[in-house]
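Trainee: Can we go through this one together? I'd like to start with the basics.

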Amino acid sequence: MFIEPSLGKSNPKDKKGHIEVICGSMFSGKTEELIRRLNRALIARQKVEIFKPSIDKRYHEFDVVSHNETAIRSTPVQFAEDIILLAGNCDVVGIDEVQFFDNRVVHVATVLANAGKRVILAGLDMDFEGNPFEPMPQLLAVAEYVTKVHAICMKCGDLASYSFRLSETREKVVLGEKESYEARCRKCFFEDKSQK
Ligand SMILES: [Zn+2]
């Protein structure tokens, strides 16, 4: 379980920012973990802002919604750079579904953290073929704290870190949930992939 390095309001002038990354496959609880951390920051009376790419409209336009229906209001943005302006004077910036931004989000996270903000990014670390999902590799490199969460393999019940796409489409981004993807462990993922 991730423990915050410091939550209390210290002197704003010596406030140090940092970057946290929450990554994993689909159904691994990334958004739930992001919401858990943001709720704790709210309890600590910190000012929290949440953003997500406007491409992800699976649920409500203005909410970060996890699959278990706990929700926090969020602002959809088209470009990562928009977040620098919109973050204003908040203490904590949460960004969900970060894999749908391009690599400029790495610069954005750095600018925000250097300005003294706590930046928490959640997203997929691998695509449906099991390859690293840009920009996550770069974010993992610049983050102070990295948490990898795991799903449960729907074939064998072991820990899963892969998102297996049930349909045949080859596009990198296919939005969808239970009807389109299943979590898989390494063994089951590569076995099933070789049979496609
Ligand atoms: Zn398995």
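Mentor: Sure, a definition comes first: a residue is buried if 20 or more other C-beta atoms lie within 10 Å of its own, exposed if 12 or fewer, and partly exposed in between, with C-beta atoms placed from the backbone. This is a predicted model, where local features need pLDDT of at least 70, side-chain atom pairs count only at pLDDT 80 or more, and totals for chains, interfaces and linings use all residues. Residues are numbered from 1 along each chain as its sequence is written.

Trainee: Why does G24 count as buried or exposed?

Mentor: G24 lies in strand β1, residues 18-24 (strands are DSSP runs of E, at least two residues, and helices are runs of H or I, at least four, numbered from the N terminus). Because G24 has 24 C-beta neighbours inside 10 Å, the label is buried.

Trainee: Which helix does K30 lie in?

Mentor: K30 is buried too, with 27 other C-beta atoms within 10 Å. Its contacts (C-beta atoms, placed from the backbone, within 7 Å) include G24, leaving out residues up to four places away in sequence. The helix, residues 30-43, is α1.

Trainee: How far does α1 reach from its first C-alpha to its last?

Mentor: The expected span is 1.5 Å times one less than the number of residues. With 14 residues, α1 is expected to span 20 Å, and its actual reach is close to that: 20 Å.

Trainee: Which residue just after α1 takes a positive phi?

Mentor: Within α1, the buried residues include L34 and L38. Just after α1, a positive phi of about 60 degrees belongs to R45.

Notes: Two residues are in contact if their C-beta atoms, placed from the backbone, lie within 7 Å.
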